[in-house]
Amino acid sequence: MKRMLVVDNEANMRKVLEFALTSMGHEVVQAGDGVEALAAVEASHFDLVLTDLRMPGKNGIELLRDLRARGEDVPVIVLTAFGTIESAVEAMKLGASDYIIRPFEIETIELAVTRTLAVSMVERENRFLREELSKGWGEFVGTGEKMQALYKLVQLVAPARSNVFIVGATGTGKELVARAVHRASGRSGLFVPINCAAIPAELLESELFGHEKGAFTGASRGRVGKCELASGGTIFLDEITEMPLSLQSKLLRVLQEGTIERLGANVTMAVDLRIVAATNVDPGQAVEAGHLRQDLFFRLNVVRIDVPPLRDRQEDIGLLAEHFLTKYAAELGKPTPHLTPSALERLETYSWPGNVRELENLMERAVVLSEETEISPEHFPASLDQGRADSVVVESMMHAAPESGMAEAISLKTQMEALEKALIRSALVRNENNKAAAARALEISERQLWYKIKQYEL
């Protein structure tokens, strides 16, 4: 369903056009002249404008000219009973999508609307591909096989109506994938992200569905929820497994019925949502552990996109590093520095537990601290070397084969404790002994980390 603005000084003509468009499944708003139309466009979003050419006050050509002068690229179809070649040429020069002579058949309007909406969607997709793919999709810089497969999957999935489930470790760029899906979708509404883990459970329902004035203590005025804001667009539910199960059941109802109800309200509201969910844990395990409803998982997991960790994209590390160096040098007004071969080798042999986010932070730090045109290993913190050493230890422990005759001497408990100890020490070093940051990197609570530190006397 798209939102249409019909502009005509004749009420009967507006009714005819509204009937034709609503029969196609679209929502219609009416305006009696160009002035009313401009006010409507300023107040709300429209996917298409159909306007009469001759109207008292501001006519159709003036309306079109004002829309373009304000940067509005909404498609416009001009209708007129007084068609001339000159007026048609002027309308097309100003960016009109079509020019229809009255009287017309309803089928003519339906065909013009369908064609205009289709062309508009293709133009948005092409604009997205030109602007984003040519530069590696913004922060999605990479030419490796895994990233090319990801680009292709996003292109295939985006135009569909299907819900998407994105799975990837912290720092891999799951929200960037979600934004890419939305931008290439052709959906005209907003991209609205919400982090389910960052909002207290008791506030999350209001954040999602909104509330009416007086719905609960402290609700001094009504509030629009994220689902309502995202209608016609995409809502991104990050860390979906952190959403309370009771709220998951309400989200399932939204998916099934296409309606929401604000807290404190007694009426439902239709919404047109595409949901993109994400998690940094295996969703199947989350279902088994009781953190994610199975029926909701099936609804969301229509298409799954796995975002590869940076350690599996070694061929992209240098390209990403140079990209971030350029970005932060420009922000600081410095010449763009370049990596020395030894610095690149250091980056490519690191395990990157924090993924692309960790690499970006490291490059920002290097630009801030460097006064040279080259970035060498000396510009990296000591934790990078410690991380390399620990990754070598962990890798060797994970792949070590027992010597002949020694199998009975190997204790799984001892080996697992040694591995856990090495990982915790590595996280503490990399995060300069910041316990909260180390706990996030290890994906455990800070309380658990303190317990382990005491247990292993770290």
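**Close-up views of a predicted model**

**View 1. Val 167 of strand β6 meets its bridge partner, Thr 279, in strand β13.** Welcome to this predicted model; we start with two strands side by side. Strand β6 covers residues 164-167, and strand β13 covers residues 274-279. The two run parallel and are joined by four bridges.

**View 2. Strand β6 also pairs with strand β14, made of residues 303-306.** Here, too, the pairing is parallel, and it spans four bridges. To find your place, look for Phe 165, which stands opposite Arg 304 of β14.

**View 3. Strand β6 is covered on both of its faces.** On one side you will find Val 164 and Ile 166, and both are buried. Turn to the other side and you meet Phe 165 and Val 167, which are buried as well.

**View 4. Helix α13 packs against helix α14.** Now we move on to a pair of helices. Helix α13 takes in residues 314-332, while helix α14 takes in residues 341-348. Their axes lie 9 Å apart and make an angle of about 130°, so α13 and α14 are oblique to each other. The crossing of α13 past α14 is right-handed.

**View 5. A closer look shows the residues where α13 and α14 touch.** From α13 come Gln 314, Ile 317, Gly 318 and Ala 321. Helix α14 brings Leu 344, Leu 347 and Glu 348 to the contact. Sorted by class, the contact between α13 and α14 holds four nonpolar residues, two polar ones and one charged one.

How values were computed
Residues numbered from 1 in each chain as written. Predicted model: local features only at pLDDT ≥ 70, side-chain atom pairs only at ≥ 80, totals over all residues. Heavy atoms only, no water. Buried < 20%, exposed > 50% of the residue type's maximum accessible area, 1.4 Å probe, protein only. Pairing = 2+ DSSP bridges. Axes fitted to C-alpha atoms, helices over the stretch in contact; angles between N-to-C directions. Parallel < 35°, antiparallel > 145°, perpendicular 65-115°, else oblique. Left-handed = near helix turned anticlockwise from the far one by under 90°. Contact = heavy atoms within 4.5 Å. Nonpolar A, V, L, I, M, F, W, Y, C, P; charged D, E, K, R; others polar.
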